[in-house]
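The following exercises introduce a single protein chain through worked solutions. Each task should be attempted with the sequence and the structure in view before the solution is read.

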Amino acid sequence: MTKDKKVIVVLPAYNAAKTLKMTLDAIPKGIADEVILVDDASKDDTVETAKKLGLRVFTHSKNLGYGGNQKTCYQEALKLGADIAVMVHPDFQYDPVFIPQLIQPLVNGECDAVFGSRMKIPSNALKGGMPYWKFVANIFLTKLENFILGNNLTEYHSGFRAYGKKVMQLPLRLNSDDFVFDTEIIVQMKIAKMKIKEIPISTKYFPEASQISFKRSVEYGLAILGVLGKYILFKSGIKKYKQFEV
């Protein structure tokens, strides 16, 4: 089904030793040419576990953050000749069973990125255990982001995504090392006139699945507003930002 496209699954990992094997076991057999893991200075046995499972492992000597981890993921995927990179969180919050549906539009040349959306069927998010306050905040921020960017996405905050090579070649190194990286890459795609598709997915919230606190969620929301402000200034010609010169 990949039509000679090289598919690499990238696992941005931090303290994922307990859930790594179940995540790996859930990846459909034969769907990926390779699975790589980037460890962001975990304090547990993530690196040792990954090596025992036969993964190609890249490590950070210090914690760079979620965005910093992704930057390494896509850099290494490109070095390995990836046409498509699928980001799967190794905490098993997002079910890898959806990978075939996620990559198919990219294989067919229909778009540049595909997001797995928890909000395409909103009840899926709540059934999976998403806290209600996070559910409401997700809807509010998505509506605001759609309004400002002129998109029609059901969710901007999914951590289950597939990117084509052109997206990975954007100036991602200029983006944040924090969670807002995911929004910045969407803005870069918008400016570059790249197309995003979505598929509905289900997720699971449980103790081992990484979740950011309410305080960090507020900080994340404010960071998103900052990125949207930068986009408005950039598009209006008031200020230039190198990360948006794509």
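**Exercise 1. The chain as a whole**

Task: State how many helices and strands the protein chain has, and decide whether its radius of gyration agrees with that of a compact globule.

Solution. The model is predicted. Step one is the count: the protein chain holds 9 helices and 7 strands. Step two is the comparison of radii. For 246 residues, a compact globule would have a radius of gyration near 18 Å. The protein chain has 17 Å, and therefore the two agree. Step three adds the extent of the C-alpha trace, which spans about 50 × 40 × 35 Å along its principal axes.

**Exercise 2. Burial, surface and charge**

Task: Describe what share of the residues is buried, how contacts are spread along the sequence, and how the surface and the charges are made up.

Solution. Of the 246 residues in the protein chain, 54% are buried. Contacts are considered next, counting those between residues at least 6 apart in sequence; 75% of these join residues at least 24 apart. The accessible surface comes to about 11400 Å², and carbon and sulfur atoms account for 56% of that surface. Finally, the chain carries 34 positive and 25 negative charges, whose mean positions are 5 Å apart.

**Exercise 3. Asn-175 and helix α8**

Task: Locate Asn-175, determine whether Asn-175 is buried or exposed, and identify the side chain with which it makes a polar contact.

Solution. Asn-175 is placed in the loop between α7 (165–168) and α8 (181–191). Its relative accessible area is 4%. The cut-off for a buried residue is under 20%, so Asn-175 is buried. Its side chain forms a polar contact of 2.9 Å with the side chain of Gln-188. Beyond residues up to four places away in sequence, Asn-175 touches Lys-71, Phe-181, Glu-184, Ile-185, Gln-188 and Gln-243.

The next step turns to the helix. In α8, the buried residues include Phe-181, Glu-184, Ile-185 and Gln-188. Altogether, 10 of the 11 residues of α8 are buried, so the helix is largely enclosed by the rest of the structure.

**Exercise 4. Two residues with positive phi**

Task: Compare Phe-92 and Lys-193 in phi, in location and in exposure.

Solution. Phe-92 is a residue other than glycine, and its phi is positive, near 70°. Lys-193 is likewise not a glycine, and its phi is positive at about 60°. As to location, Phe-92 lies in the loop between β4 (84–87) and α4 (99–107), while Lys-193 lies in the loop between α8 and β7 (196–200). The last step concerns exposure. Phe-92 counts as buried because its relative accessibility is 15%. Lys-193, at 75% relative accessibility, counts as exposed.

**Exercise 5. Asp-39 and Ser-42**

Task: Place Asp-39 and Ser-42 in the secondary structure, and list what each of them touches.

Solution. Asp-39 is found in strand β2 (residues 34–39), and Ser-42 is in the loop between β2 and α2 (46–52). Asp-39 has a relative accessible area of 3% and is therefore buried. Ser-42 is buried as well, because its relative accessibility is 18%.

Contacts come next, with neighbours within four places in sequence left aside. Asp-39 is in contact with Ala-13, Thr-46, Val-47, Phe-58, Thr-59, His-60 and Asn-69. Ser-42 touches Ala-13, Tyr-14 and Asn-15. A polar atom of the Ser-42 side chain lies 2.7 Å from the backbone nitrogen of Asn-15. A further distance concerns Asp-39 and Ala-50, which are 11 residues apart along the chain: their C-alpha atoms are separated by 9.4 Å.

**Exercise 6. Lys-5**

Task: Establish where Lys-5 lies, how exposed Lys-5 is, and which residues it touches.

Solution. Lys-5 lies in the segment before β1 (7–13). Its relative accessible area is 33%. Partly exposed residues fall between the buried limit of under 20% and the exposed limit of over 50%, so Lys-5 is partly exposed. Not counting residues up to four places away in sequence, Lys-5 touches Asp-33, Asp-83, Ile-84 and Val-107. The C-alpha atoms of Lys-5 and Asn-152, 147 residues apart along the chain, are separated by 28 Å.

Conventions
Residues are numbered from 1 along each chain as its sequence is written. This is a predicted model: local features need pLDDT of at least 70, side-chain atom pairs count only at pLDDT 80 or more; totals for chains, interfaces and linings use all residues. Side-chain values use heavy atoms; hydrogens and water are left out. Helices (H or I, at least four residues) and strands (E, at least two) are DSSP runs, numbered from the N terminus. The radius of gyration is taken over C-alpha atoms; the globule rule is 2.2 Å times the number of residues to the power 0.38. Buried means under 20% relative accessible area, exposed over 50%, partly exposed in between (1.4 Å probe, protein chains only). Contact means heavy atoms within 4.5 Å. Accessible areas come from the Shrake-Rupley method with a 1.4 Å probe; for residues, only the protein chains shown count as cover. Lys and Arg count as positive and Asp and Glu as negative; His and the chain ends are not counted. The place of a charge is taken as NZ of Lys, CZ of Arg, CG of Asp or CD of Glu. A polar contact is a pair of N or O atoms within 3.5 Å; within protein, one must be able to donate a hydrogen and the other to accept it, and residues adjacent in sequence count only if both atoms are side-chain atoms.
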